[in-house]
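Reader: I am new to this structure. Please show it to me, and then let me ask how its labels are earned.

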Amino acid sequence: MDRRTLVLLLNSLWIVYVSGYVPLTLTDCGSTANRLLNIQGNTVDYPIEIPGHVKARGTVDILHDVQPDRYTLNVTVEKWIVFNYFTLPCVSNVGSCSYDVCDLLGKFEGRGGCPWQLVESNFPCMCPFSNATHTLQPLPFYIPEVQGIWSWIAFGDFRVTGTLYDNVLSEIVNCYQLEFTVQRKPIVIEDFWGWW
Ligand SMILES: *[C@@H]1O[C@H](CO)[C@@H](O)[C@H](O)[C@H]1NC(C)=O
Ligand SMILES: *[C@@H]1O[C@H](CO)[C@@H](O)[C@H](O)[C@H]1NC(C)=O
């Protein structure tokens, strides 16, 4: 196979690869009279491309006051591999993990405070906070390049389920499921030729 054929072949494989993605969907998977949140949202640009900026807009309606030690967030991250969803483990607090909501927000403190995108949108980054409706402005969050083994995990179709458990009421008060596709930022053809 000569070089030109190889390039054409790689390009056509690339097009097949980048053209398939699942629509972005946010599903409410919980129903209780004691729900804590109502979330509505969407990303501005889709599918999500890495490296790149993701802009999301939405509203988060917090229906009750949030006190420390009260809420536990369980996250399940599943990735579609060939024919089925597989659950990714929890590694260094990333993946399918369990968090105390206030501890999670508290991590911002050690990293230079609340991200500016959340500050601009008046999102609370520290517990306790009161019930209120917050509107997320469509500001860009940068997602950096992923390398090594992570690049195998980072691209593809994902399903993330978050359940919120109320330790006082001893019940799940919220469940949301998000399905989305993450793509590698497409390579411009001129750059591609430049590799040879
Ligand atoms: C949350 O996850 C932890 C650890 O995986 C598990 O022990 C716990 O039962 C889960 N809680 C709920 C409410 O699903
Ligand atoms: C917060 O909750 C109280 C009591 O339920 C309610 O009267 C008030 O309107 C709520 N405030 C907001 C901003 O939702």
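Reader: What makes β3 and β13 a pair, and in which sense do they run, parallel or antiparallel?

Author: Two strands pair if DSSP finds at least two bridges between them. β3 and β13 share three bridges, in the parallel sense, so they meet that definition. Ile48 stands opposite Val182 of β13. Strands here are DSSP runs of E with at least two residues, helices are runs of H or I with at least four, and both are numbered from the N terminus. The chain has five helices and 13 strands.

Reader: What kind of model is this, and how are residues numbered?

Author: This is a predicted model, where local features need pLDDT of at least 70, side-chain atom pairs count only at pLDDT 80 or more, and totals for chains, interfaces and linings use all residues. Residues are numbered from 1 along each chain as its sequence is written, while chains are lettered from A and ligands numbered from 1 in the order in which they are written.

Reader: Which other strands pair with β13?

Author: Strand β1 (residues 25–28) joins β13 through four bridges, antiparallel. There, Thr27 faces Gln177. β12 joins β13 through 11 bridges, also antiparallel. One bridge links Arg159 to Glu179 in β13.

Reader: What lies between β12 and β13?

Author: The two strands form a hairpin with four residues between them. Ser170 sits in that turn, with a positive phi of about 55°. Its loop runs between β12 (156–166) and β13 (171–184).

Reader: Why is Ser170 called exposed?

Author: A residue is exposed if 12 or fewer other C-beta atoms lie within 10 Å of its own, buried if 20 or more do, and partly exposed in between; C-beta atoms are placed from the backbone. Ser170 has 7, so Ser170 counts as exposed. The C-alpha atoms of Ser170 and Arg70 are separated by 9.8 Å, though the two are 100 residues apart along the chain.

Reader: How do you know that β5 pairs with β12?

Author: Nine bridges join them, and they run antiparallel. Val75 is opposite Gly162 in β12. β5 also has three antiparallel bridges to strand β9 (residues 98–100). In β9, Ser98 is the partner of Asn74. With β6, β5 pairs over four bridges, again antiparallel. Ile81 stands opposite Asn84 there.

Reader: What makes Val82 worth a remark?

Author: Its phi is positive, about 60°, although Val82 is not a glycine. Most residues other than glycine have a negative phi. Val82 lies in the loop between β5 (71–81) and β6 (84–87). That hairpin has two residues between its strands. Val82 has 5 C-beta neighbours inside 10 Å, so Val82 counts as exposed.

Reader: Where is Ser92, and why is Ser92 called exposed?

Author: Ser92 is in the loop between β7 (90–91) and β8 (94–95). Ser92 has 6 C-beta neighbours inside 10 Å, so the exposed label applies. Its phi is positive too, about 50°, and Ser92 is not a glycine.

Reader: Which peptide bond before Pro51 is cis, and where is Pro51?

Author: The bond from Ile50 to Pro51 is cis, with omega near -5°. Most peptide bonds are trans. Pro51 lies in the loop between β3 (48–50) and β4 (52–62). With 11 C-beta neighbours inside 10 Å, Pro51 is exposed. The bond from Cys127 to Pro128 is cis as well, with omega near -5°.

Reader: What does Pro51 touch?

Author: Contact needs C-beta atoms, placed from the backbone, within 7 Å. Leaving out residues up to four places away in sequence, Pro51 touches Ile143, Pro144, Glu145 and Lys185.

Reader: What makes a set of residues a nonpolar core, and which is the largest here?

Author: The members must be buried Ala, Val, Leu, Ile, Met, Phe, Trp, Tyr or Cys, joined through C-beta atoms within 7 Å. The largest core has five residues: Ile48, Val77, Phe158, Phe180 and Val182. Phe180 is in contact with Val22, Leu24, Ile48 and Phe158, leaving aside neighbours within four places in sequence. Of the 196 residues of the chain, 6% count as buried.

Methods:
Contact = placed C-beta atoms within 7 Å.
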